[in-house]
Amino acid sequence: MRKLILLVVFFTIAIMTIISACGDENSIKYQRYYADGSQLYKVHCGNCHMDDGKGLAALIPPLTDTTYLRKNREKLACFIVYGLNDTIVVNNIEYQGQMLAEKHLAAIDLAKVLTYITNSYGNQQGIYDVTEVEAYLRNCN
Amino acid sequence: MKNLSFLISLLALIIFSSCNSNSKKLPILGSREPIEKVIDGKTVIDTIYQTIPNFSFINQDSVIINQDSLNNSIYVADFFFTSCPSICPIMSKNMLGIYEKYKGNKEVRFLSHSIDPKHDTVPKLKQYATKLGVMDTQWSFLYGDRDSIYNMAKDGYMSYAKENANIPGGYEHSGYFILVDKEKRIRGAYDGTDKNQVEQLSKDMDILLAEYKATK
């Protein structure tokens, strides 16, 4: 009997929690991605792209070019994992430097850090889901 | 050994900087040696301070930079390489801030030594400087053979630089900005990746420049 009561109480609490969270489940997920992403950014990106995302003169591109990020949304995960050795144009400036590969980053970490980047520094592009990243990663050149 | 001398210099820095608050002079860092001199028949004790040894490197405009090129200037020295993925970009950014503050001031120079002469050729250094927005040689990016640069780091600036295949980029080096006065003595060492310390460098450079104004 006691077990049953405990079970019922447990399930009631669980269901209530789920219901109350349901309304902004996406926003909670987004916030978790964003918060974790900001930490990942500091460790893996901030050294070069700087804490303010402004990069370094004409050597390291800023992350403030929303159009570029939007246009290349499908390639961003590949850029991080395999690095970049191309000439790219960001904010009308040509960048030729090499970006090193970060092969050790898991898809979920890529999703988090990309969510952070595409929603900071003047960008506002919503969540970058892990399933989206996984799909893009399969199509890297 | 390198760690020891580094620690000692750091300790010296801390001790001196704590006295520094009420005097308007920067400490003189490094080892020192008392010598006895005879002046007017009297024996007096004078001090010989550690100075930067002579060097000769080539800058981004293929001009030789040595002690003579730095006469009558204080300067800030650091070690970097252009393809460095770790601390260099932030150091370059911080150095750029200081460079812009003293741009055109003939009493202030900047020397960034490349520790990767294999890849950082003179044209590569020129390209790096240009892209950073450095058009003149007030800030010189220096090319020299590996051993002279590494020895300069160790013996001259109490820093270190060496190859290390295990870290990203392949080289490791200290991230210190070393402030050198017109007499080639080290007057300060600042973590080039730390905003507060870089700000301190900027203040200390003003103090050092004022020392020379006062003695003029």
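## An exposed loop residue in chain B

Asp136(B) counts as exposed because 11 C-beta neighbours lie inside 10 Å. Here a residue is exposed if 12 or fewer other C-beta atoms, placed from the backbone, lie within 10 Å of its own, buried if there are 20 or more, and partly exposed in between. Asp136(B) belongs to the loop between α3 (122-132) and β7 (139-142) of chain B. Helices (H or I, at least four residues) and strands (E, at least two) are DSSP runs, numbered from the N terminus. From Asp136(B) to Arg32(B) the distance is 35 Å, C-alpha to C-alpha, with their positions 104 residues apart in sequence.

A word on what you are looking at: this is a predicted model, in which local features need pLDDT of at least 70 and side-chain atom pairs count only at pLDDT 80 or more, while totals for chains, interfaces and linings use all residues. Residues are numbered from 1 along each chain as its sequence is written, and chains are lettered from A and ligands numbered from 1 in the order in which they are written.

## More of chain B

Chain B has five helices and 11 strands. Of its 216 residues, 36% count as buried. Two residues are in contact if their C-beta atoms, placed from the backbone, lie within 7 Å. Among contacts in chain B between residues at least 6 apart in sequence, those joining residues at least 24 apart make up 64%.

One residue to find on a helix is Asn151(B), in α4 (residues 146-156) of chain B. Asn151(B) counts as partly exposed, because 14 C-beta neighbours lie inside 10 Å. Its C-alpha atom is separated by 9.9 Å from that of Lys162(B), 11 residues apart along the chain.

## Two residues with positive phi

Most residues other than glycine have a negative phi. Asp40(B) is not a glycine, yet its phi is positive, at about 55°. You can find Asp40(B) in the loop between β1 (32-39) and β2 (42-49) of chain B. With 5 C-beta neighbours inside 10 Å, Asp40(B) counts as exposed.

Chain A offers another example: Asn91(A), also not a glycine, has a positive phi near 50°. Asn91(A) sits in the loop between β1 (88-90) and β2 (93-95) of chain A. Asn91(A) has 13 C-beta neighbours inside 10 Å, so it counts as partly exposed.

## An enclosed helix in chain A

Now turn to α6 (residues 107-117) of chain A. Nine of the 11 residues of α6(A) are buried, so this helix is largely enclosed by the rest of the structure. Among the buried ones are Asp109(A), Lys112(A), Leu114(A) and Tyr116(A). The cover over the buried residues of α6(A) includes α2, α5 (76-82) and α7 of chain A.

## How α6 meets α7

The axes of α6(A) and α7(A) (residues 130-138) come within 8 Å and cross at roughly 110°. Axes are lines fitted to C-alpha atoms, for helices over the stretch in contact, and angles run from 0 to 180 degrees between N-to-C directions. The two helices are therefore roughly perpendicular to each other, a label for angles of 65 to 115 degrees, where under 35 counts as roughly parallel, over 145 as roughly antiparallel and the rest as oblique.

On the α6(A) side, the contact includes Ile108(A) and Leu114(A), and on the α7(A) side it includes Val133(A) and Glu134(A). The residues of this contact divide into eight nonpolar, no polar and one charged. Ala, Val, Leu, Ile, Met, Phe, Trp, Tyr, Cys and Pro count as nonpolar, Asp, Glu, Lys and Arg as charged, and the others, Gly among them, as polar.

## How α6 meets α2

Helix α2(A) (residues 25-44) has 20 residues and reaches 28 Å from its first C-alpha to its last, close to the 28 Å expected at 1.5 Å a residue. That expected span is 1.5 Å times one less than the number of residues. Tyr33(A), Gly37(A), Leu40(A) and Tyr41(A) are buried in α2(A), and what covers its buried residues includes α3 (46-49) and α6 of chain A.

With axes 7 Å apart, α2(A) and α6(A) pack at an angle of about 95°, and are therefore roughly perpendicular to each other. By class, their contact has nine nonpolar, four polar and three charged residues.

## Where the chains touch

Finally, 10 residues of chain A are in contact with 13 residues of chain B. The side of chain A that touches chain B has eight nonpolar, two polar and no charged residues.
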